[in-house]
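Let's take a walk through this one, starting with open space and then moving on to aromatic rings.

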Amino acid sequence: MLESTSKLDVHEQLVSLLGNQSPVILDIGCNDGTDTKRFLELRPEARLYCFEPDPRAVVRFKKNLHSALDKVRLFEIAISDRNGKIDFHPSNGDGEVEEWDLSGSIRRPKNHLAEYEWVRFDKPISVETRRLDDWTSEVSVDKIDLIWMDVQGAESDVIAGGKRALSNTRFIYTEYSDRELYEGQLSLNAILELLPSFEVVRLYPRAVEGDVLLRNTNC
């Protein structure tokens, strides 16, 4: 297992590991498309599928991608363990970060309220949600090279609704926290227990949370 504390070159690391000029990449919790745009720069022929339920972030995504919008497919939904509607808890901030929308989740905030006191959560909104397995069947995506996942504590929900899809996924890059920032959020070890065929490739630890790159040993 390799460890790193820098994310500056993580996109380059990932596309290098993929070794594919036209990889299938799912950006789950894509927010304003910053990561999507970086992947497009590194792999212009990539097949990129992006998911974002927060309408404010969707507006910024479309503005940020602009002329490259036709190179990606954006789904204005949440990915979880069910189909239909689900409550989404949008985030805001205080002062200069009043429009902070990077912490919204389908899970209620818990320790996040203490760890990041400047972030507040408004009244939940109802958003559309899909199981990953059902979505992949609908759009005929059989093999996935990389899932880039930033779902703010809802990792177990994505996994529960995507067991078949994940079995055909080569790499997962996901945020995690062992401090239950959101109600029911699983620790990294608990996430790994749900993904027995995956091994840790790299850790990107931070103070309260971190990121981890996982590789499917069966792919």
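The largest pocket holds about 710 Å³ of space. Forty residues is the size of its lining, and the ones closest to the centre are Gly-29, Asn-31, Leu-102, Asp-150 and Gln-152. Here a pocket is an open set of points on a 1 Å grid over the protein atoms alone, where a 1.4 Å probe fits and protein lies on both sides within 12 Å along at least five of seven lines; lining residues have an atom within 4 Å of a point. The volume is the space filled by probe spheres set on those points. This is a predicted model, with local features needing pLDDT of at least 70 and side-chain atom pairs 80 or more, while totals for chains, interfaces and linings use all residues. Residues are numbered from 1 along each chain, and side-chain values use heavy atoms, without hydrogens or water.

The lining splits into 19 nonpolar, 9 polar and 12 charged residues. Among the elements that each supply at least two of them are helix H2 (34-42) and strand S10 (144-149).

Now the rings: there are 10 aromatic pairs, meaning Phe, Tyr or Trp (six-membered ring) centres within 6.5 Å, with planes over 60 degrees apart called edge-to-face. Tyr-116 and Trp-118 are edge-to-face because their planes sit at 85 degrees, with centres 6.5 Å apart. Tyr-116 is buried at 18% relative accessibility, whereas Trp-118 is partly exposed at 34% (buried is under 20%, exposed over 50%, partly exposed in between, with a 1.4 Å probe and protein chains only). Phe-39, Trp-148, Tyr-173 and Tyr-204 form one aromatic cluster.

Terms used. Helices (H or I, at least four residues) and strands (E, at least two) are DSSP runs, numbered from the N terminus. Ala, Val, Leu, Ile, Met, Phe, Trp, Tyr, Cys and Pro count as nonpolar, Asp, Glu, Lys and Arg as charged, and the others, Gly among them, as polar. Rings of Phe, Tyr and Trp (its six-membered ring) pair if their centres lie within 6.5 Å; planes under 30 degrees apart count as stacked, over 60 as edge-to-face and the rest as tilted.
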